Amino acid sequence: IVFVPTALDNPLGAESAEQKLLKKHGAKNVVALHTRDRAEADAPKFSEVLLKAGGVWFSGGRQWRFVDAYEGTLTEKRFHAVLARGGVIGGSSAGASIQGEYMPRGHPLGNTVVAAEGYERGFGFLPGCAVDQHFFARKRTADMTGLMKEYPQYLGIGIDEGTALVVTGSVAEVIGRTKVAFYDTRRKPAGDTDYEEVAAGGKYDLKERRKQ
(Lines give C-alpha, C1' and ligand atoms only; values in the text may rest on other atoms or scores of the structure.)
Protein backbone atom coordinates (compact mmCIF):
# COMPACT_ATOMS: atom_id res chain seq x y z
CA ILE A 1 0.00 0.00 0.00
CA VAL A 2 1.39 3.38 -1.02
CA PHE A 3 0.49 6.00 1.60
CA VAL A 4 0.38 9.61 0.32
CA PRO A 5 0.62 12.11 3.23
CA THR A 6 0.97 15.21 1.04
CA ALA A 7 -2.24 16.86 2.29
CA LEU A 8 -0.78 17.15 5.80
CA ASP A 9 0.94 20.25 7.20
CA ASN A 10 4.69 20.63 7.31
CA PRO A 11 6.77 19.36 8.88
CA LEU A 12 5.80 15.77 8.21
CA GLY A 13 6.87 13.23 10.81
CA ALA A 14 8.55 9.95 10.02
CA GLU A 15 5.17 8.20 10.25
CA SER A 16 1.71 9.77 10.47
CA ALA A 17 -1.18 8.59 12.62
CA GLU A 18 -3.01 7.26 9.54
CA GLN A 19 0.02 5.29 8.43
CA LYS A 20 0.22 3.72 11.89
CA LEU A 21 -3.49 2.88 11.73
CA LEU A 22 -3.08 1.09 8.40
CA LYS A 23 -0.43 -1.10 9.98
CA LYS A 24 -2.47 -1.60 13.14
CA HIS A 25 -5.35 -2.96 11.06
CA GLY A 26 -3.25 -5.46 9.16
CA ALA A 27 -1.35 -3.67 6.39
CA LYS A 28 2.04 -5.37 6.32
CA ASN A 29 3.81 -3.37 3.60
CA VAL A 30 3.11 0.38 3.72
CA VAL A 31 5.39 2.74 1.80
CA ALA A 32 5.09 6.53 2.03
CA LEU A 33 5.23 8.62 -1.15
CA HIS A 34 5.49 12.38 -0.74
CA THR A 35 6.73 15.49 -2.50
CA ARG A 36 5.65 19.09 -2.92
CA ASP A 37 7.76 19.47 -6.07
CA ARG A 38 5.82 18.91 -9.32
CA ALA A 39 9.03 18.30 -11.26
CA GLU A 40 9.91 15.49 -8.86
CA ALA A 41 6.37 14.09 -9.14
CA ASP A 42 6.83 13.98 -12.92
CA ALA A 43 10.14 12.11 -12.72
CA PRO A 44 9.81 8.35 -13.45
CA LYS A 45 12.02 7.29 -10.55
CA PHE A 46 9.96 9.10 -7.90
CA SER A 47 6.75 7.08 -8.34
CA GLU A 48 8.27 3.72 -9.35
CA VAL A 49 6.76 2.16 -6.22
CA LEU A 50 3.29 2.64 -7.76
CA LEU A 51 4.12 0.22 -10.57
CA LYS A 52 3.79 -2.72 -8.18
CA ALA A 53 1.41 -1.26 -5.60
CA GLY A 54 -1.79 -3.09 -4.73
CA GLY A 55 -3.37 0.00 -3.21
CA VAL A 56 -3.02 3.74 -2.54
CA TRP A 57 -4.24 5.63 0.54
CA PHE A 58 -4.50 9.44 0.52
CA SER A 59 -4.18 11.15 3.91
CA GLY A 60 -6.41 13.69 5.52
CA GLY A 61 -5.36 17.35 5.62
CA ARG A 62 -5.95 19.90 2.87
CA GLN A 63 -6.84 18.49 -0.52
CA TRP A 64 -5.42 21.40 -2.54
CA ARG A 65 -1.94 20.14 -1.63
CA PHE A 66 -2.60 16.93 -3.59
CA VAL A 67 -3.54 19.08 -6.60
CA ASP A 68 -0.49 21.33 -6.33
CA ALA A 69 1.90 18.39 -6.08
CA TYR A 70 0.48 15.80 -8.46
CA GLU A 71 -2.15 17.14 -10.88
CA GLY A 72 -1.21 16.29 -14.45
CA THR A 73 2.06 14.58 -13.49
CA LEU A 74 3.31 11.07 -14.13
CA THR A 75 2.55 10.26 -10.50
CA GLU A 76 -1.14 11.04 -11.02
CA LYS A 77 -1.18 8.82 -14.12
CA ARG A 78 0.33 6.00 -12.08
CA PHE A 79 -2.32 6.42 -9.36
CA HIS A 80 -4.91 5.73 -12.06
CA ALA A 81 -2.90 2.77 -13.34
CA VAL A 82 -3.10 1.12 -9.90
CA LEU A 83 -6.90 1.29 -10.09
CA ALA A 84 -7.01 0.20 -13.73
CA ARG A 85 -5.16 -3.04 -13.01
CA GLY A 86 -7.47 -3.97 -10.12
CA GLY A 87 -5.83 -2.19 -7.20
CA VAL A 88 -7.65 -0.21 -4.50
CA ILE A 89 -7.67 3.58 -4.07
CA GLY A 90 -8.87 5.15 -0.83
CA GLY A 91 -8.50 8.08 1.51
CA SER A 92 -9.74 9.91 4.57
CA SER A 93 -11.15 13.45 4.72
CA ALA A 94 -9.08 15.38 2.14
CA GLY A 95 -8.12 11.97 0.78
CA ALA A 96 -11.83 11.25 0.20
CA SER A 97 -12.52 14.54 -1.58
CA ILE A 98 -9.65 14.05 -4.03
CA GLN A 99 -11.35 10.83 -5.25
CA GLY A 100 -14.08 12.67 -7.15
CA GLU A 101 -14.03 14.36 -10.54
CA TYR A 102 -15.09 17.60 -8.83
CA MET A 103 -13.27 18.51 -5.61
CA PRO A 104 -15.10 20.70 -3.07
CA ARG A 105 -13.33 22.86 -0.48
CA GLY A 106 -10.07 23.13 -2.39
CA HIS A 107 -9.30 26.77 -1.53
CA PRO A 108 -5.77 27.10 -0.08
CA LEU A 109 -6.91 29.84 2.32
CA GLY A 110 -9.60 27.81 4.06
CA ASN A 111 -12.05 24.91 3.82
CA THR A 112 -15.20 27.04 4.05
CA VAL A 113 -15.04 27.99 0.34
CA VAL A 114 -16.84 25.14 -1.40
CA ALA A 115 -16.03 26.07 -5.02
CA ALA A 116 -12.49 27.45 -5.42
CA GLU A 117 -11.42 28.47 -8.93
CA GLY A 118 -8.29 26.58 -9.97
CA TYR A 119 -8.81 23.94 -7.28
CA GLU A 120 -12.00 22.25 -8.42
CA ARG A 121 -10.65 19.19 -10.24
CA GLY A 122 -10.12 16.04 -8.24
CA PHE A 123 -8.24 13.01 -9.52
CA GLY A 124 -11.45 11.52 -10.94
CA PHE A 125 -11.28 7.99 -9.55
CA LEU A 126 -15.06 8.48 -9.21
CA PRO A 127 -16.07 10.07 -12.54
CA GLY A 128 -19.05 12.41 -12.48
CA CYS A 129 -18.99 12.72 -8.69
CA ALA A 130 -18.28 15.49 -6.18
CA VAL A 131 -17.24 14.16 -2.76
CA ASP A 132 -17.47 16.10 0.51
CA GLN A 133 -16.64 14.74 3.97
CA HIS A 134 -17.31 15.31 7.72
CA PHE A 135 -20.71 15.82 6.17
CA PHE A 136 -23.43 15.62 8.82
CA ALA A 137 -21.04 16.18 11.73
CA ARG A 138 -20.11 19.61 10.34
CA LYS A 139 -23.60 20.39 8.98
CA ARG A 140 -22.51 20.63 5.34
CA THR A 141 -25.78 19.68 3.65
CA ALA A 142 -26.60 23.23 2.50
CA ASP A 143 -23.12 23.63 1.04
CA MET A 144 -23.69 20.66 -1.24
CA THR A 145 -27.11 22.03 -2.21
CA GLY A 146 -25.41 25.22 -3.39
CA LEU A 147 -22.73 23.29 -5.26
CA MET A 148 -25.33 21.18 -7.06
CA LYS A 149 -27.14 24.33 -8.21
CA GLU A 150 -23.86 25.55 -9.72
CA TYR A 151 -22.83 22.17 -11.16
CA PRO A 152 -26.03 20.10 -11.60
CA GLN A 153 -24.30 17.53 -13.82
CA TYR A 154 -22.44 15.99 -10.87
CA LEU A 155 -23.65 13.42 -8.37
CA GLY A 156 -23.00 14.98 -4.98
CA ILE A 157 -21.75 12.62 -2.26
CA GLY A 158 -21.55 13.62 1.39
CA ILE A 159 -19.74 11.13 3.62
CA ASP A 160 -20.16 11.49 7.37
CA GLU A 161 -17.44 10.99 9.99
CA GLY A 162 -16.67 7.42 10.99
CA THR A 163 -18.28 6.27 7.76
CA ALA A 164 -16.91 5.06 4.43
CA LEU A 165 -18.10 4.40 0.90
CA VAL A 166 -16.68 1.22 -0.63
CA VAL A 167 -17.05 1.29 -4.41
CA THR A 168 -16.85 -1.85 -6.55
CA GLY A 169 -17.58 -1.18 -10.20
CA SER A 170 -20.43 1.32 -10.08
CA VAL A 171 -21.94 0.11 -6.79
CA ALA A 172 -21.11 1.93 -3.56
CA GLU A 173 -21.66 0.25 -0.18
CA VAL A 174 -21.89 2.34 2.99
CA ILE A 175 -19.98 1.00 5.99
CA GLY A 176 -19.20 2.44 9.42
CA ARG A 177 -21.08 4.44 12.02
CA THR A 178 -23.66 6.57 10.26
CA LYS A 179 -24.68 7.42 6.68
CA VAL A 180 -23.91 8.99 3.31
CA ALA A 181 -25.96 11.59 1.39
CA PHE A 182 -26.43 11.42 -2.39
CA TYR A 183 -27.51 14.51 -4.35
CA ASP A 184 -28.99 13.96 -7.81
CA THR A 185 -30.56 17.07 -9.35
CA ARG A 186 -32.35 14.95 -11.97
CA ARG A 187 -34.87 13.67 -9.44
CA LYS A 188 -36.56 14.91 -6.28
CA PRO A 189 -36.16 12.54 -3.33
CA ALA A 190 -39.14 11.74 -1.14
CA GLY A 191 -39.35 13.87 1.99
CA ASP A 192 -38.14 17.36 2.84
CA THR A 193 -34.50 17.09 1.78
CA ASP A 194 -32.87 17.40 -1.64
CA TYR A 195 -30.72 14.30 -1.08
CA GLU A 196 -31.13 10.59 -0.43
CA GLU A 197 -29.61 9.08 2.69
CA VAL A 198 -28.08 5.62 2.66
CA ALA A 199 -27.26 4.17 6.06
CA ALA A 200 -24.49 1.73 6.93
CA GLY A 201 -25.16 -1.57 5.20
CA GLY A 202 -27.00 0.05 2.29
CA LYS A 203 -25.88 0.34 -1.33
CA TYR A 204 -26.17 2.95 -4.06
CA ASP A 205 -25.53 2.58 -7.79
CA LEU A 206 -23.39 5.56 -8.86
CA LYS A 207 -24.07 5.00 -12.55
CA GLU A 208 -27.83 4.51 -12.33
CA ARG A 209 -28.03 7.02 -9.46
CA ARG A 210 -30.40 5.01 -7.30
CA LYS A 211 -30.46 2.98 -4.11
CA GLN A 212 -30.11 -0.75 -4.49
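Which residues line the largest cavity? I put this first in the notebook. The model is a predicted one.

**Entry: cavity**

I looked up the lining of the largest cavity and found F182, D184, R187, P189, E196, Y204 and R209. By type, that lining divides into three nonpolar, no polar and four charged residues. I then checked the volume, which comes to about 40 Å³ for this cavity. A search of the whole structure turned up one cavity of 30 Å³ or more.

**Entry: largest pocket**

Next I went to the open space. The largest pocket holds about 1,000 Å³. I counted 37 residues in its lining. Nearest its centre lie W57, I89, G90, G91 and L165. I then asked which elements give two or more residues to this lining. They are β3 (55-58), β4 (88-91), β6, β7 and β8 (163-168). Of the contributors, β8 gives the most, with six residues. I sorted the lining of the largest pocket by type and got 21 nonpolar, 14 polar and two charged residues.

**Entry: second pocket**

I moved on to the second largest pocket, with a volume of about 180 Å³. Its lining consists of I1, E18, L21, L22, H25, A27, W57 and S92. I noted W57 here, having already listed W57 among the residues nearest the centre of the largest pocket. Helix α1 (residues 17-24) gives the most to the lining of the second largest pocket, with three residues. The types here are five nonpolar, two polar and one charged.

**Entry: helix α6**

Last, I took helix α6, residues 141-150. Which of its residues are buried? I found M144, T145, L147 and M148. Viewed down the axis of α6, the buried residues fall within an arc of 165 degrees, so they line one face of the helix. I kept the general rule beside this: an α-helix has 3.6 residues a turn, so residues three or four places apart point the same way. On the other side of α6, I found A142 and K149 exposed.

I then asked what covers the buried residues of α6. The cover includes four strands: β5 (100-102), β6 (126-133), β7 (155-159) and β10 (179-183). I cross-checked two of these against the pocket entry. Both β6 and β7 also appear among the elements that give two or more residues to the lining of the largest pocket. I also went back to the cavity entry for β10, residues 179-183. F182 is one of the residues lining the largest cavity.

Definitions and conventions: Residues numbered from 1 in each chain as written. Predicted model: local features only at pLDDT ≥ 70, side-chain atom pairs only at ≥ 80, totals over all residues. Heavy atoms only, no water. Buried < 20%, exposed > 50% of the residue type's maximum accessible area, 1.4 Å probe, protein only. Arc of directions from axis to C-beta. Contact = heavy atoms within 4.5 Å. 1 Å grid on protein atoms, 1.4 Å probe; cavity = no way out; pocket = protein on both sides within 12 Å on 5 of 7 lines; lining within 4 Å. Points joined across faces, edges and corners; volume = space filled by probe spheres on them. Nonpolar A, V, L, I, M, F, W, Y, C, P; charged D, E, K, R; others polar.
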